[in-house]
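Reader: I'm new to this one, so could you take me slowly through a single part of it? I'd like to know how one helix sits against its partners, and how far I can trust the picture.

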Amino acid sequence: VTRFFAGYGEGNVTDTPAWLEAICEEMKRNKNFTYGIERMLELSKKSREHLSRSMKKYKGVTPSEFINDLRLRFIANMLKNSNHGIADIIFESGFGNISWVSQLFKKKYGATMREYRKDKSTKQ
């Protein structure tokens, strides 16, 4: 019996299914992340529940957390490498609420978007 359950319930799973790896990579391309979870579901052809369980099990995050991280990285990159307005960048990333994304950004990067842009421009 133990051979059938060996490793069951272990939190550090490294054998991520190929379909999940492919979806995670595809979400980074062509700004798929801007369309959110619905796009991820469309690409995966999996149910919302199956995708959520698999993301949590293999990646340690929910689909929303994964997509938000991609969006925040996009914003940080745009802040460093463009002169677009902050609100324009936020909406281009797929976020719709400036206040909420401001909180997420500060939590992840330890600075407001304006401070982050200024800090990155003075270090160049």
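Author: Let's start with H2 and H3, which sit oblique to each other. In this predicted model, helix H2 covers residues 18-28 and helix H3 covers residues 36-44. Their axes lie 10 Å apart and make an angle of about 135°. That angle is over 115 but not over 145 degrees, so the pair counts as oblique. As for handedness, H2 and H3 cross in a right-handed way. On the H2 side, the touching residues are Trp19, Ile23, Glu26 and Met27, while H3 brings Gly36, Arg39, Met40, Leu43 and Ser44. Sort the residues of that contact by class and you get five nonpolar, two polar and two charged.

Now follow H2 to another partner, helix H5, which spans residues 63-81. Here the axes come within 10 Å and cross at roughly 35°, and the crossing of H2 and H5 is right-handed. H2 uses Cys24, Met27 and Lys28 for this contact, and H5 answers with Phe66, Ile67 and Leu70. By class, the contact of H2 with H5 has five nonpolar residues, one charged and no polar ones. Look out for Met27: it's listed in the contact with H3 and again in the one with H5.

And the trust part? The protein's mean pLDDT is 88, with 85% of its residues at 70 or more. Confidence peaks in helix H7 (residues 98-109) at a mean of 97 and is lowest in helix H1 (residues 2-5) at 44. Residues 1-12 have pLDDT below 50, and beyond near neighbours in sequence that stretch has one contact in the model. Where pLDDT is low, don't read the predicted coordinates in detail.

Methods: Residues numbered from 1 in each chain as written. Predicted model: local features only at pLDDT ≥ 70, side-chain atom pairs only at ≥ 80, totals over all residues. Heavy atoms only, no water. Axes fitted to C-alpha atoms, helices over the stretch in contact; angles between N-to-C directions. Helix = DSSP H or I, 4+ residues; strand = E, 2+ residues; numbered from the N terminus. Parallel < 35°, antiparallel > 145°, perpendicular 65-115°, else oblique. Left-handed = near helix turned anticlockwise from the far one by under 90°. Contact = heavy atoms within 4.5 Å. Nonpolar A, V, L, I, M, F, W, Y, C, P; charged D, E, K, R; others polar. pLDDT = per-residue confidence, 0-100.
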